[in-house]
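Biologist: I have a model open on my screen and would like to learn how to read it. Could you walk me through some features, one at a time?

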Amino acid sequence: MAELVGRFIASDSATAYHVGRSKELLKFWAEVKVKNVNKGLAEEYRNWRHRQKCISDATINRDLSVLRHTFNWALDNSLLGVNPLNRLRLVRERRTKKTILAADEEELLLCACAPHFAPIVAFTVDTGMRRGEVLKQQWSDIDLKRKLLFVTSSKTPEGESREIPFTNRVSSLLSHMNPSHSLVFTFRGEAIRNVKRAWKSAVRRSGIRPLRFHDLRHTFNTRLMEAGVIQDIRKALMGHSTGDEVHAAYTHVELPAKREAIRKLELWLAAQRQMGREEITQNQIGNVKQPEGSMDVEQTPTR
């Protein structure tokens with residue numbers, strides 16, 4: 001299996017997502033002979049993963065989907081005569097609640113971020129880009145004059161080279177940066193490979209609810225929805241993969257519609273932040289102690 005997976009990874013068909021998943025797969029499958037692969041062994045792999053680490057069935061489903069995709073690739077390239085995992089039934093996934101970053105939490109989080117990390121968080125929550133897309137974004141795909149970016153690299157064909165208009169914050173952020181590297185975001189002049197430690201530290205210091213970095217993407221999508229942006233435009237901005245929906249309407253969403261969506265998002269956010277400030281002011285007023293001897297209501301004058 002190690003040889004087959006290696007050939008797939010080296011092909012033009014493999015993406016960074018496939019490579020990442022294959023690293024986990026090979027820990028179990030590397031020494032297995034292709035002729036011995038079957039659905040029963042796939043179930044053994046699921047049980048093995050659960051024993052190794054506390055992970056969800058959804059994560060294991062992603063692994064097995066990549067493995068099945070590898071066999072399909074081998075089949076298409078005449079390396080195999082049959083896919084042993086064809087029609088493999090994956091475990092039904094439970095729907096999980098997606099955590100959304102509130103506007104007041106966002107301010108606390110940004111204040112708690114390390115100086116090099118705060119721009120990454122602000123950029124991500126305002127573009128809805130995946131972590132890998134953000135860290136691989138290049139200056140050559142940034143158009144400051146048109147306030148527009150083209151996603152440099154994505155794990156899905158739909159996400160590649162998609163257009164995302166700037167929010168005012170992203171425009172200001174990028175305009176004040178010095179493009180000394182081909183990548184937009186770096187640390188001490190080097191590419192950033194992982195943000196896990198910086199993210200966990202920022203969340204801990206901020207005191208907000210536990211969140212994943214990927215929840216910033218969910219936050220962007222939810223904010224667009226609450227701002228009244230229709231699903232097709234949200235999908236176009238986020239580069240959602242839709243499987244066989246090759247001719248889905250969102251693939252033809254034009255730039256003016258995307259700019260209007262970002263405008264709606266900013267108006268909605270401004271309203272949310274204003275409501276938050278008013279609520280804080282009201283709470284402060286309510287917590288002010290009345291001086292001794294003062295009356296909350298005016299006394300009726302004595303005649």
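Modeller: Happily; we will go through salt bridges, the sheet, backbone angles, contacts and surface charge. Please keep in mind that this is a predicted model.

Biologist: Let's begin with charges. What can side chains of opposite charge do?

Modeller: Side chains of opposite charge can pair when their charged atoms come close. In this structure the count comes to 16 salt bridges.

Biologist: Which residue does Glu105 meet in a salt bridge?

Modeller: The partner of Glu105 is Arg209, with an N to O distance of 2.7 Å. This pair links distant parts of the chain, 104 residues apart: Glu105 sits in helix α5 (residues 103-112), and Arg209 in the loop between α9 (196-206) and α10 (215-226).

Biologist: Is Glu105 buried or exposed?

Modeller: Here the cut-off helps: a residue is called buried when its relative accessible area is under 20%. Glu105 has 11%, so it counts as buried. Arg209, at 39%, is partly exposed.

Biologist: Where is the partner of Glu106?

Modeller: Glu106, in helix α5, is joined to Arg223 in helix α10, and the two are 117 residues apart. Their closest N and O atoms are 2.8 Å apart. Both Glu106 and Arg223 are buried.

Biologist: What about the salt bridge of Asp143?

Modeller: The side chain of Asp143 meets that of Arg146, at 4.0 Å from N to O. Asp143 is partly exposed, with a relative accessible area of 24%, and Arg146 is partly exposed too, at 42%.

Biologist: Which residues are linked in a network of salt bridges?

Modeller: Try selecting Arg21, Glu24, Lys27, Arg49 and Asp63 on your screen; salt bridges link them in a network.

Biologist: Now the sheet. In what order do the 3 strands lie?

Modeller: To read a sheet, follow the strands from one edge to the other. The order here is β1-β2-β3, in an open sheet with antiparallel pairing. The edge strands are β1 (142-143) and β3 (163-165); each has a single partner strand, so one side of each has no neighbour in the sheet.

Biologist: How many bridges are there between β2 and β3?

Modeller: Strand β2 (residues 148-150) pairs with β3 over 3 bridges, in the antiparallel sense. To find your place there, look for Leu149, which stands opposite Ile164 in β3.

Biologist: Next, backbone angles. Which residue has a positive phi of about 60° although it is not a glycine?

Modeller: That is Ser78, with its positive phi of about 60°. Ser78 is located in the loop between α4 (57-76) and α5. With a relative accessible area of 65%, Ser78 is exposed.

Biologist: And where does Arg188 lie?

Modeller: Arg188 is in the loop between β4 (186-187) and β5 (190-191). Arg188 is not a glycine either, yet has a positive phi of about 55°. Its relative accessible area is 76%, so Arg188 is exposed.

Biologist: How should I read distances between C-alpha atoms?

Modeller: Set the separation along the chain beside the separation in space. Ala236 and Glu163 are 73 residues apart in sequence, with 8.3 Å between their C-alpha atoms. Ala236 belongs to helix α11 (residues 231-238), and at 8% relative accessibility Ala236 is buried.

Biologist: How far apart are the C-alpha atoms of Ala227 and Glu266?

Modeller: They are separated by 8.6 Å, while the two residues are 39 apart along the chain. Ala227 lies in the loop between α10 and α11 and counts as buried, at 17% relative accessibility.

Biologist: And how does Trp139 sit relative to Phe150?

Modeller: Their C-alpha atoms are 9.7 Å apart, and 11 residues separate them in sequence. Trp139 is found in the loop between α7 and β1. With a relative accessible area of 13%, Trp139 is buried.

Biologist: Last one: which residues form a positive surface patch?

Modeller: Colour the surface by charge and look for Lys53, Arg131, Lys196 and Lys200, which form a positive patch. One of them, Arg131, lies in helix α7 (residues 131-136) and is partly exposed, at 48% relative accessible area.

Note on methods:
Residues are numbered from 1 along each chain as its sequence is written. This is a predicted model: local features need pLDDT of at least 70, side-chain atom pairs count only at pLDDT 80 or more; totals for chains, interfaces and linings use all residues. Side-chain values use heavy atoms; hydrogens and water are left out. Patches are made of residues with over 30% relative accessible area and no salt bridge: like charges are joined within 9 Å, nonpolar side chains (Val, Leu, Ile, Met, Phe, Trp, Tyr) within 5 Å. Accessible areas come from the Shrake-Rupley method with a 1.4 Å probe; for residues, only the protein chains shown count as cover. Lys and Arg count as positive and Asp and Glu as negative; His and the chain ends are not counted. The place of a charge is taken as NZ of Lys, CZ of Arg, CG of Asp or CD of Glu. Helices (H or I, at least four residues) and strands (E, at least two) are DSSP runs, numbered from the N terminus. Buried means under 20% relative accessible area, exposed over 50%, partly exposed in between (1.4 Å probe, protein chains only). Two strands pair if DSSP finds at least two bridges between them.
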